Amino acid sequence: HQQTFLNQLREITGINDVQVLQQALKDSNGNLELAVAFLTAKNAKVPQLEEATYYQTALPGNDRYISVGSQADTNVIDLTGDDKDDLQRAIALSLEESNRAFRETGITDEEQAISRVLEASIAENKASLKRTHPEVWSDSPNPYDRKRQDNCPVGLKNVGNTCWFSAVIQSLFNLLEFRRLVLNFNPPANAQDLPRNQKEHRNLPFMRELRYLFALLVGSKRKYVDPSRAVEILKDAFKSNDSQQQDVSEFTHKLLDWLEDAFQIKAEEERDGEKTKNPMVELFYGRFLAVGVLEGKKFENTEMFGQYPLQVNGFKDLHECLEAAMIEGEIESLHSENSAKSGQEHWFTELPPVLTFELSRFEFNQALGRPEKIHNKLEFPPILYLDRYMHKNREITRIKRDEIKRLKEYLTVLQQRLERYLSYGSGPKRFPLVDVLQYALEFASSKPVCTSPVDDLGASATASGTLPAQTSPSTIEQQGPSSSDVPSTSPVQRSVIHKPFTQSRIPPDLPMHPAPRHITEEELSVLEGCLHRWRTEVENDTRDLQESISRIHRTIELMYSDKTMVQVPYRLHAVLVHEGQANAGHYWAYIYDHHQNRWMKYNDISVTKSTWEELERDSFGGYRNASAYCLMYINDKEQYLIQEEFDKETGQILVGMDTLPSDLRDYVKEDNKRFEKELEEWDAELAQKAQQEKLLSQIPRAPAPSPAPVQAGEPEYLEQPSRTDLSKHLKEDSVQAINKALAEQEDRGPEAIMDT
């Protein structure tokens with residue numbers, strides 16, 4: 001029980017320090033709620049300031065916000081004047097307050113302000129985030145829209161934020177062994193009277209409603225059925241209203257507890273001096289052995305578990321989650337004699353036929369003071385081999401774990417070396433080393449030039465009559481005019497105009513890319529040989545590193561694939577998916593049809609065919625805000641879990657209504673009769689409407705009144721009979737015709753009137 005409390009505290013608070021969790025349990029005397037309150041209050045980073053001191057809204061007579069923070073009325077500095085010293089003191093005081101708050105909380109003033117704004121926004125939208133408007137499906141008035149097609153699975157109506165109920169119930173209903181246990185459950189004989197205690201008063205009525213619900217899912221002619229009566233009993237136990245969604249794991253825990261209690265009552269009544277076996281315990285509960293060291297002392301104990309919780313954050317697949325859950329603390333201390341460190345290993349000693357994993361996708365954000373959903377991607381296989389976690393294989397598993405640890409350390413070294421080849425350089429911009437060598441080779445092989453491009457441009461500019469870039473006008477003035485530049489007949493001396501390079505003629509030998517200025521054939525030959533050889537060596541080294549890394553990955557993946565480690569297969573039966581955030585969302589389930597070998601999607605009233613690809617997209621996470629929340633695996637060797645029932649006399653498979661006990665068969669027949677009556681009433685209503693339309697079509701229409709001729713001199717906009725008057729006359733004629741037809745029907749009978 002202490003380990004269970006520790007796991008729950010770790011999941012709720014996100015604290016992994018075992019000693020801190022144990023101390024919290026000790027201080028709270030084993031009270032889980034007090035321990036959570038103690039840990040969250042102790043580790044919260046947001047300063048605990050009263051909400052009234054933040055965001056105080058305008059008061060009567062004030063047109064401005066009056067304060068922010070509890071110290072708004074102290075250390076006030078008047079900045080309305082022109083005194084610059086006041087401004088400097090205000091800045092200094094603000095910086096001092098910010099630094100003090102940062103030292104105390106580790107959160108800057110800006111972050112606190114943002115956090116307060118977010119909290120205020122969340123408070124304003126709390127109703128919408130928690131989906132206060134219950135999602136109730138409205139039934140179509142046409143019962144044929146609600147009619148079951150052939151043998152399609154029956155859905156469950158959402159009666160107000162009950163998608164969590166539908167997802168869990170459908171997953172359990174499609175376990176044929178569980179379905180048989182529920183359908184064939186007979187209440188104890190003494191339960192016909194008033195139940196003996198509160199537990200029986202709650203559990204036995206729920207079992208009765210669950211039997212009725214399962215029977216309807218088997219033999220109903222409706223497309224979906226209403227689970228309201230069973231849901232109401234559950235909601236009374238949860239003490240919640242329609243606007244509050246339930247957590248799937250919490251509901252599954254409660255459901256299994258109730259079923260266990262109900263079957264235990266029945267088992268105790270039938271006990272004949274032997275130890276009773278509860279079928280719910282046999283189906284859903286297993287055992288593991290905890291072996292470890294606590295403060296230098298070794299311990300070993302066996303514990304029972306139902307749903308097995310797994311952390312998601314920081315792991316990429318289900319096996320990594322399981323490895324982390326099976327080892328806690330310093331694993332090396334388990335095999336040492338003199339060690340003060342603490343640690344433990346978990347080994348399954350007995351696995352249940354139905355193994356359920358809770359994926360902890362919600363964690364408590366201590367800074368914001370609320371839970372948040374983890375959207376990380378987590379892969380899981382359709383077939384899960386659990387041999388490596390069994391106690392009987394612990395020695396082999398430890399050897400393989402050590403080998404995997406050594407391979408991963410070597411893999412890290414290879415990956416670091418490969419990174420240097422693929423990202424070469426010491427600056428912020430890095431390039432693959434093979435590309436760097438190729439660039440150097442291309443540079444050396446470029447056509448050499450004797451002068452720089454700038455010199456070439458300058459020479460070209462001078463030859464074309466334009467000043468070179470380095471020549472300034474002052475230099476020309478110092479040289480003075482020559483006799484050839486200033487004719488004797490010109491009274492005004494013309495100044496030389498400087499033209500830009502764009503008007504210059506580019507020399508034909510100017511290179512279009514960088515090239516060496518001076519390089520001999522011998523130098524080029526040696527350099528090309530070295531660069532070619534180095535590039536080939538780098539390519540070979542890179543390829544060898546990549547192949548080695550791939551080979552190590554493959555070795556790790558196949559480490560547990562030998563024959564001794566594939567003897568305990570579990571097949572994925574159902575995946576419960578949650579879409580949304582921590583405080584609101586929608587649930588649905590993917591359930592495997594073991595007889596049709598296909599996946600089905602159960603989404604409230606909708607039941608459709610699906611694929612593994614669609615399941616991956618919606619369940620693995622990492623792409624959007626939908627991800628798996630609960631995984632249900634079944635022992636692939638226990639075929640009775642999914643095996644159909646057979647008739648003991650004929651040996652034929654029993655399907656549909658034949659699988660129901662007599663009382664439930666009668667219950668479903670009565671419900672089907674009511675639905676058939678709905679269909680008949682709908683057909684009669686349609687027939688009556690068709691008859692009325694036929695009678696109306698036989699009524700002769702009154703001729704339209706001809707417009708009066710327009711006399712000369714009269715205006716063309718004379719008042720015409722209104723449409724209201726015409727409708728009134730037609731209505732009177734229709735009523736008379738219908739009354740006449742009804743009178744004839746009474747005289748001649750319905751057959752005669754239909755023949756007319």
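The questions and answers below concern a predicted model.

Q: How many salt bridges does a search of the whole structure find?
A: Side chains of opposite charge can pair when their charged atoms come close. A salt bridge here needs a side-chain nitrogen of Lys or Arg within 4 Å of a carboxyl oxygen of Asp or Glu. Searching the whole structure on that basis gives a total of 23.

Q: How many residues apart in helix α14 are Arg 398 and Glu 395?
A: The side chains of Arg 398 and Glu 395 form a salt bridge, with N to O at 3.4 Å. Glu 395 counts as partly exposed, at 46% relative accessibility. Both residues belong to helix α14 (residues 394-422), and about one helical turn separates them because their spacing is three residues.

Q: Which residue of helix α18 lies about one helical turn from Glu 557, and what is its relative accessible area?
A: An α-helix has 3.6 residues a turn, so residues three or four places apart point the same way. In helix α18, the residue three places from Glu 557 is Arg 554, and the two side chains meet in a salt bridge of 3.7 Å, N to O. Glu 557 is exposed, with a relative accessible area of 58%. The partner is partly exposed: Arg 554, with a relative accessible area of 48%.

Q: Which residues are joined into one network by salt bridges that share partners?
A: A network arises here where salt bridges have partners in common. The residues joined in this way are Arg 146, Arg 222, Asp 671, Arg 674 and Glu 678.

Q: Is Glu 209 buried or exposed?
A: Glu 209 pairs with Arg 208 in a salt bridge, 3.8 Å from N to O. Arg 208 has 39% relative accessibility and counts as partly exposed. The cut-off for a buried residue is under 20% relative accessible area. Glu 209 has 9%, so Glu 209 is buried.

Q: How many residues of helix α7 are buried?
A: Helix α7 covers residues 163-173 and is mostly covered. Its buried residues include Trp 164, Phe 165 and Leu 172, along with polar-named entries such as Ser 166 and Gln 170. The count of buried residues is 11 of 11.

Q: Which residues form the negative surface patch that includes Asp 541?
A: Asp 541 is part of helix α18, residues 521-557. Its relative accessibility is 30%, and Asp 541 counts as partly exposed. The patch is formed by Glu 537, Asp 541, Asp 544 and Glu 547.

Q: What is the area of the nonpolar surface patch made by Phe 646, Ile 653 and Val 655?
A: Val 655 sits in the loop between β16 (626-635) and α20 (662-698). With a relative accessible area of 51%, Val 655 is exposed. Together with Phe 646 and Ile 653, Val 655 makes a patch of about 290 Å².

Q: What is the phi of Asn 597?
A: Most residues other than glycine have a negative phi. Asn 597 is found in the loop between β13 (584-593) and β14 (598-603), where it counts as exposed at 55% relative accessibility. Although Asn 597 is not a glycine, its phi is positive, at about 55°.

Q: How far apart are the end C-alpha atoms of residues 665-692?
A: UniProt, in an unreviewed entry, places the feature "coiled-coil region" at residues 665-692. In the model this span is 100% helix and 0% strand. Its end C-alpha atoms are separated by 41 Å.

Key. Residues numbered from 1 in each chain as written. Predicted model: local features only at pLDDT ≥ 70, side-chain atom pairs only at ≥ 80, totals over all residues. Heavy atoms only, no water. Patch = residues over 30% accessible without salt bridge, like charges linked within 9 Å, V, L, I, M, F, W, Y side chains within 5 Å. Areas by Shrake-Rupley, 256 points an atom, 1.4 Å probe, with all protein chains shown as cover. Lys, Arg positive; Asp, Glu negative; His and termini not counted. Charge placed at Lys NZ, Arg CZ, Asp CG, Glu CD. Helix = DSSP H or I, 4+ residues; strand = E, 2+ residues; numbered from the N terminus. Buried < 20%, exposed > 50% of the residue type's maximum accessible area, 1.4 Å probe, protein only. UniProt positions renumbered as here; feature names shortened; annotations may be inferred.
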